[in-house]
Amino acid sequence: MSEIDTDTLRQEVRTWLKDNVPAGWREAMTGVDQELFVQQQREWFGKLSKAGYATPHWPEGWPGGGRSLAEQKVIYEEVARADAPRLILYFVALYHAACTIMECGTEAQKEKYLPGILNGEIWCQGFSEPNAGSDLASLKTRAERVGDKYIINGQKTWSTMAQYADRCLLLARSDNSGPPQAGQTYLLLDMKAPGVTVVPINQITGDDEFSEIFFDNVEVPVEDLVGEEGQGWAVAQATLASERGLTLVELSQRMRYSLPMLAETLKERGLSEDTSLRRELGKVITQVDACCALADQYLLKRISGEEKVGDASMVKLCYAQTLRMYTKLGRRISGLQGQFDPDFMRGATQETGNWTLDFMNSYNWSIAGGSNEIQRNIISERVLGMPREPKTWKL
């Protein structure tokens, strides 16, 4: 796809969103069960996919694919500005699964799985385990090669929307003889296969966004191996890298466009003249602007080929900290009354206006995609050049 003027594209996308964003979707998703939320996500994905706005990051030849990073940035900014629903249900499919298969998969896997994603297949990620969250090198789920199949036994946890997934990106251990990062194998698993059990996790927010997955002698054909056996760690890094960049641009912009919610809450609580709260609001606005500027700067580095290891970690860390600051102020403004707000809304995980819920959800971003502590380690070692922690160091 040839690059077009970004101003022209921005107007096109803005007009399309004005005509197609579901009217009143926030109200419609408040207090509903998850089945209705899933239905809304499927319908919205269908619209975005048909228009080519769900997959601008895919290569040319796919609907809407072949967009430059500058064009992709415009699309994500406009989606945020229009307050369109986030494609939470399809995030793993559109980014983790698609980008991994495109980069590391065989031609047969691309032909088999990529059209299914466009047709609405839902994917989940099977990386984290009860004793291997941020430390994926410690995973225990086994993948034993038996003829032309792998036999899977073990457990995964914190898998987003796994109860609705058709397929799973699975990282399992096929060999224990080498270093912890070695001996891991990356597989594409059918969630409807015999022996797969999914148990939703009831969260403090009242949601069940995450699930545990149990594998009991589950068979995966060898043709669904991604990369080489025992080289799953390298493939997993490609998966995790796919969620950076444009995702952070969209999230930071969504936070910026939801700032009026804070001012509205001040008015609703009769606190518009409270100088202390107004001062804190000014600090939050400044911090959100800085977070957006940092995300934009990072994307410009990617566009110009100047991105360095650790740049994405700085944006991720800044976003997580800013989101906590933003939601904490909302919780403070809403006061005790806000803690009894019964309205639970699906589809906008950190800017619902239910400030107690939003504040609790902000902790997700301190962990998801690499905890704040891991991001700080990457920044200190890879950006600032500080020495690594000695492997022999113990408490």
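Across the whole of this predicted model, a search for salt bridges turns up 20 of them. One of these joins the side chains of Arg-10 and Glu-78, with 2.8 Å from N to O. Pairing of this kind is no surprise in general, as side chains of opposite charge can pair when their charged atoms come close. Here the two partners come from distant parts of the chain: Arg-10 sits in helix α1 (residues 6-20) and Glu-78 in helix α4, 68 residues apart.

Helix α4 also packs against helix α10 (residues 275-304), and the two axes lie 10 Å apart at an angle of about 155°. Since angles over 145 degrees count as roughly antiparallel, that angle makes α4 roughly antiparallel to α10. On the α4 side, the contact is made by Leu-69, Ala-70, Lys-73 and Glu-77. Helix α10 answers with Asp-296, Leu-299, Arg-302 and Ile-303. Sorted by class, the residues of this contact come out as 4 nonpolar and 4 charged, with no polar ones in the mix.

Then there is the empty space. The structure holds 2 cavities of 30 Å³ or more, and the largest takes up about 210 Å³. Its lining is made of 17 residues, and the ones closest to the centre are Leu-48, Tyr-76, Leu-87, Tyr-95 and Glu-250. Helix α4 (69-81) turns up again here: along with α3 (34-51), α5 (91-104) and α8 (246-257), it supplies at least two residues of the lining. As for the make-up of that lining, 14 residues are nonpolar and 3 are charged, while no polar residue takes part.

Taken together, helix α4 is a recurring player: Glu-78 of α4 bonds with Arg-10 in a salt bridge, α4 packs against α10, and α4 contributes to the lining of the largest cavity.

Note on methods: Residues are numbered from 1 along each chain as its sequence is written. This is a predicted model: local features need pLDDT of at least 70, side-chain atom pairs count only at pLDDT 80 or more; totals for chains, interfaces and linings use all residues. Side-chain values use heavy atoms; hydrogens and water are left out. On a 1 Å grid over the protein atoms alone, a cavity is a set of points where a 1.4 Å probe fits but cannot get out, and a pocket is an open set with protein on both sides within 12 Å along at least five of seven lines; lining residues have an atom within 4 Å of a point. Grid points are joined across faces, edges and corners, and a volume is the space filled by probe spheres set on the points. Helices (H or I, at least four residues) and strands (E, at least two) are DSSP runs, numbered from the N terminus. Ala, Val, Leu, Ile, Met, Phe, Trp, Tyr, Cys and Pro count as nonpolar, Asp, Glu, Lys and Arg as charged, and the others, Gly among them, as polar. Axes are lines fitted to C-alpha atoms, for helices over the stretch in contact, and angles run from 0 to 180 degrees between N-to-C directions. Angles under 35 degrees count as roughly parallel, over 145 as roughly antiparallel, 65 to 115 as roughly perpendicular and the rest as oblique. Contact means heavy atoms within 4.5 Å. A salt bridge is a side-chain nitrogen of Lys or Arg within 4 Å of a carboxyl oxygen of Asp or Glu.
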